[in-house]
Amino acid sequence: MSIVIHHNPGCGTSRNVLEIIRGFAGEPVVVEYLKTGWTRPQLLGLFAAAGLSPREALRTSKSPAAELGLTDPAVSDETILDAMVEHPVLVNRPIVCTAKGVALCRPSEAVFALLDVASGASFTKEDGEVVTAP
């Protein structure tokens, strides 16, 4: 199975995850979801595989979530999903799919659990922070 990253090149966490994958597993399939958008079935499948609800996957900072009223606890998952399809930036990122599973990889070192990486292997993030595989 190929590794797939749903990636936003404008996001530092997403860029770090992409480089960790490249450094430890080779070139993944990169889906720039801000360009391709999302479908409802695609989001439902990713969220189910990652064990996330739409609300848990909702990006609330640096997105229009608050202005769209999506941060209100009374808003349904169905409404959030509809908004995510219309506004792809509302989906938190990066979401990574490997043979080991699917996860929202925040913080970036969360991706180590989805890769075959030796315990103690390290990676230097773009801000200079060194992260180590558990």
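Contact, as I shall use the word, means heavy atoms within 4.5 Å. With that settled, I turn to the structure above, which is a predicted model.

I begin with helix H3, residues 40–50. Which of its residues are buried? They are Leu43, Leu46 and Phe47. Viewed down the axis of H3, these buried residues fall within an arc of 95°, so they line one face of the helix. The face turned away from that buried side carries the exposed residues Pro41 and Ala48.

What do the buried residues of H3 pack against? Their partners include three strands and two helices in this order along the chain: strand S1 (4–7), helix H4 (54–57), helix H5 (77–86), strand S3 (95–98) and strand S4 (101–104).

The two ends of H3 also deserve comment. At the N-terminal end, Thr39 acts as the cap, with a side-chain oxygen 3.1 Å from the backbone nitrogen of Gln42. After H3 comes Gly51, whose phi is positive, near 70°.

Next, the charged pairs that link H3 to H5. In general, side chains of opposite charge can pair when their charged atoms come close. Here the residue to follow is Arg40, which is partly exposed, with a relative accessible area of 26%. Its side chain meets that of Glu78 in a salt bridge, at 2.0 Å from N to O. Because Glu78 lies in helix H5 and Arg40 in helix H3, this pair ties together parts that are 38 residues apart in sequence. Glu78 has a relative accessibility of 46% and so counts as partly exposed.

Arg40 also forms a salt bridge with Asp82, at 2.5 Å from N to O. That pair again links distant parts of the chain, with Arg40 in helix H3 and Asp82 in helix H5, 42 residues apart. Asp82 is partly exposed as well, at 47% relative accessibility. Between the C-alpha atoms of Asp82 and Thr39 the distance is 9.3 Å, although these residues are 43 positions apart in sequence.

How many salt bridges does the model contain? The count comes to 9. One of them joins the side chains of Arg15 and Glu126, at 2.5 Å from N to O. Arg15 lies in helix H1 and Glu126 in the loop between S5 and strand S6 (130–132), so the pair ties together parts that are 111 residues apart in sequence. Both partners are partly exposed: Arg15 has a relative accessible area of 30%, and Glu126 one of 49%. Elsewhere, salt bridges with shared partners join Glu19, Arg22 and Glu27 into one network.

I turn now to the aromatic residues, where the count comes to 2 pairs. One is formed by Phe24 and Phe112; the arrangement is edge-to-face, with 5.7 Å from centre to centre and 75° between the planes. Since Phe24 belongs to helix H1 (residues 12–25) and Phe112 to the loop between S4 and strand S5 (122–124), the pair ties together parts that are 88 residues apart in sequence. Is each ring buried or partly exposed? Phe24 counts as partly exposed, at 30% relative accessibility, whereas Phe112 is buried, at 5%.

Finally, Asn92, in the loop between H5 and S3. At 13% relative accessibility, this residue counts as buried. Its side chain makes a polar contact with the side chain of Arg59, at 3.3 Å. Leaving aside neighbours within four places in sequence, Asn92 is in contact with Ala57, Leu58, Arg59, Leu104 and Arg106.

Key: Residues are numbered from 1 along each chain as its sequence is written. This is a predicted model: local features need pLDDT of at least 70, side-chain atom pairs count only at pLDDT 80 or more; totals for chains, interfaces and linings use all residues. Side-chain values use heavy atoms; hydrogens and water are left out. Buried means under 20% relative accessible area, exposed over 50%, partly exposed in between (1.4 Å probe, protein chains only). Helices (H or I, at least four residues) and strands (E, at least two) are DSSP runs, numbered from the N terminus. The arc is that of the directions from the helix axis to the C-beta atoms. A polar contact is a pair of N or O atoms within 3.5 Å; within protein, one must be able to donate a hydrogen and the other to accept it, and residues adjacent in sequence count only if both atoms are side-chain atoms. Rings of Phe, Tyr and Trp (its six-membered ring) pair if their centres lie within 6.5 Å; planes under 30 degrees apart count as stacked, over 60 as edge-to-face and the rest as tilted. A salt bridge is a side-chain nitrogen of Lys or Arg within 4 Å of a carboxyl oxygen of Asp or Glu.
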